[in-house]
Amino acid sequence: MNRKTGDQSVSEKLERAREYEKNRQNEISSEEKPVFHITPPIGWMNDPNGFSFYDGKIHLFYQYHPYTREWGPMHWGHSVSEDMISWENLPVALAPDEKYDALGCFSGSALEANGKHVLLYTGVSRQVLEDGREEERQNQCIAYGDGISYEKSSKNPVVTGELMPENCSRIDFRDPKVWKKGDTYYLIVGNKNAEQKGQVVLFSSKNLEDWKFETVLAENSEGKVGTMWECPDFFALDEKYFLICSPQNMKAQKYEFHNGNNSVYFVGDYDENTHTFQKEMPKTLDYGLDFYAPQTTELPDGRRILIAWMKSWDACVIPEEQKWQGMMTLPRELHYVNGKLYQKPVEELKNYRKNSCRLENQEVSGTVQFDEVKGRILDLTVEICEGVFDEFCIELAHNQEYTTSYTYYRKKQIMEVNRTYCGVTRDIVCQRAWKLPEQKEPLKLRFIMDRQSIELFINDGEQVSTTAICTPMEAEEIVFCCDGTVKINVEKHELI
Ligand code: FRU
């Protein structure tokens with residue numbers, strides 16, 4: 001049943017979700033939230049959705065279940081920003097209120113078409129089969145809006161599994177990413193084949209509503225890249241093409257792919273006429289503990305920006321009493337230089353720096369703290385210069401009880417994050433080690449810290465490691481330790 005509000009028809013489910021988060025009783029104090037990372041107003045958040053520029057603003061939607069801090073029937077929450085650092089919460093955009101999306105409005109993307117803001121998402125429903133059994137179906141649906149309210153098309157679902165060859169799953173068929181080239185719209189969707197191997201399928205359309213299956217754009221041919229490829233994204237960047245996806249159930253290989261459900265990228269060349277994508281081997285996007293389902297958008301100024309869910313499906317890193325769960329990473333600008341993908345915090349972050357200090361050529365031998373270098377909401381760069389040592393460690397969000405450490409093992413060229421003492425009270429993964437790109441000193445470590453997270457950008461974004469923490473704010477010391485002697489430069493800016 002739909003109720004009319006102004007000239008927009010709003011379903012009961014959508015109205016209920018909007019009212020629920022407006023209810024003062026459900027309000028969460030801003031002190032309990034990150035300062036510049038997106039979080040749900042209340043309840044649960046996962047994947048970024050519909051990351052796009054529309055009507056002068058950057059929009060970010062997200063998988064949202066306001067009523068509990070656990071995953072539940074998916075809605076689309078909505079935030080907007082002018083600079084990707086300060087975000088404003090807008091009314092819930094989609095609720096699972098139609099037969100074709102009754103089990104959830106799953107992930108998807110957005111673009112502008114004919115002046116409208118267009119959302120493409122996965123509608124999850126149950127279908128009764130010929131033999132009477134019920135089976136889940138995932139189909140792609142469309143909604144049109146003005147940047148605040150969205151109306152689902154009467155033609156939904158616009159892309160069904162029936163359009164694909166027989167051996168493509170109709171159950172695991174989700175997370176459409178749309179783009180336009182010339183006069184044609186393209187859509188890729190995450191999928192798996194009958195052998196339980198992940199793949200990405202490509203469709204095309206002239207009008208966004210009538211779609212044609214084109215091809216399997218990429219697949220897990222050797223079987224090492226997971227069972228289902230979630231949240232695919234595909235774009236050109238610096239003369240190459242990039243396919244990003246989040247394969248489920250993937251085994252670790254040496255220092256790569258340790259997250260079980262991973263997020264990887266493939267670099268390659270794409271023939272637009274034949275839709276063939278020649279790809280290299282997959283690479284890790286982020287070496288931290290909390291990074292999944294990234295999505296990118298291209299801004300009007302040409303920058304390709306990536307944002308991801310700053311959480312792992314397998315870990316809960318929040319205090320018992322917290323009523324919300326899930327954050328987004330800081331948006332990152334992507335570049336491909338000399339065969340390497342760089343991710344760096346968006347430049348706009350620099351406008352929020354204050355109380356800066358720079359220390360040059362400081363000797364660290366044993367354990368050292370600097371009076372000016374402490375805090376929890378920081379943009380902190382440490383350059384590790386010459387020295388005679390093997391281990392160098394930085395302890396953040398530190399006091400007598402808590403700490404999260406980053407250790408550089410110089411001989412092995414390994415970096416390790418350890419959040420065992422960040423305040424977690426569950427038996428979750430707390431340590432991750434990875435191989436640094438190549439022996440290169442000074443090694444530059446830029447930490448972006450917010451109340452509940454630490455994002456480490458190594459050598460201007462050559463590698464990134466994103467990790468959630470749950471440490472009380474009074475733990476704000478920063479400690480440097482070295483098993484020999486080293487010279488470091490430190491630049492610290494408080495943020496906001
Ligand atoms: C990825 C994912 C998507 C799906 C969504 C459901 O984290 O599993 O594939 O659309 O979450 O919330």
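**View 1. Asp 460 in the loop between strand E32 (453-458) and strand E33 (463-468).** The structure shown here and in the views below is a predicted model. Asp 460 is partly exposed, because its relative accessible area is 49%. In sequence, Asp 460 and Ile 496 are 36 residues apart. In space, the C-alpha atoms of Asp 460 and Ile 496 are 22 Å apart.

**View 2. Residues around the ligand.** The shell around the ligand consists of Asn 46, Asp 47, Gln 63, Trp 71, Met 74, Phe 106, Ser 107, Arg 174, Asp 175, Glu 230, Tyr 292 and Trp 313. By type, these shell residues comprise five nonpolar, three polar and four charged ones. A polar atom in the side chain of Glu 230 is 2.7 Å from a ligand oxygen. Trp 313 also has a side-chain N or O atom beside the ligand, with 3.1 Å between that atom and a ligand oxygen. Ser 107 approaches through its backbone: one of its backbone N or O atoms is 3.1 Å from an oxygen atom of the ligand. On its own the ligand has 320 Å² of accessible area, and the protein covers 95% of this. Strand E3 (43-54), strand E7 (104-113) and strand E11 (168-181) are the elements that each give two or more residues to the shell.

**View 3. Stacked rings of Trp 179 and Tyr 186.** A pair of aromatic rings is described by how far apart the centres are and by the angle between the planes. The structure contains 26 aromatic pairs. In the pair formed by Trp 179 and Tyr 186, the ring centres are 5.8 Å apart and the planes make an angle of 25°. This pair counts as stacked because planes under 30 degrees apart are classed that way. Trp 179 and Tyr 186 are both buried. Ring pairs join these two residues with Phe 234, Tyr 241, Tyr 270 and Phe 277 in a cluster.

**View 4. Charged side chains over aromatic rings.** Arg 16 is placed over the face of Tyr 67, 4.1 Å from the centre of the ring. At Tyr 409, the charged end of Lys 412 sits over the ring, and its distance from the ring centre is 5.9 Å.

**View 5. The cis peptide bond from Asn 156 to Pro 157.** The omega angle of this bond is near -5°. Pro 157 is found in the loop between strand E10 (150-152) and E11. Strand E11 (168-181) is also one of the elements that give two or more residues to the shell around the ligand.

**View 6. Met 84, a residue with positive phi.** Met 84 is not a glycine, yet its phi is positive, at about 70°. Met 84 belongs to the loop between strand E5 (75-81) and strand E6 (87-94). Is this loop residue buried or exposed? Met 84 is buried, because its relative accessible area is 0% and the cut-off for buried is under 20%.

**View 7. Lys 254, a residue with positive phi.** The phi of Lys 254 is about 45°, a positive value, although Lys 254 is not a glycine. Lys 254 lies in the loop between strand E16 (240-247) and strand E17 (264-271). With a relative accessible area of 79%, Lys 254 is exposed.

Terms used. Residues numbered from 1 in each chain as written. Predicted model: local features only at pLDDT ≥ 70, side-chain atom pairs only at ≥ 80, totals over all residues. Heavy atoms only, no water. Near = heavy atom within 4 Å. Polar contact = N/O pair within 3.5 Å; in protein donor to acceptor, adjacent residues only side chain to side chain. Areas by Shrake-Rupley, 256 points an atom, 1.4 Å probe, with all protein chains shown as cover. Helix = DSSP H or I, 4+ residues; strand = E, 2+ residues; numbered from the N terminus. Nonpolar A, V, L, I, M, F, W, Y, C, P; charged D, E, K, R; others polar. Phe/Tyr/Trp six-rings, centres within 6.5 Å; stacked < 30°, edge-to-face > 60°. Buried < 20%, exposed > 50% of the residue type's maximum accessible area, 1.4 Å probe, protein only. Lys NZ or Arg CZ within 6 Å of the ring centre and 35° of its normal.
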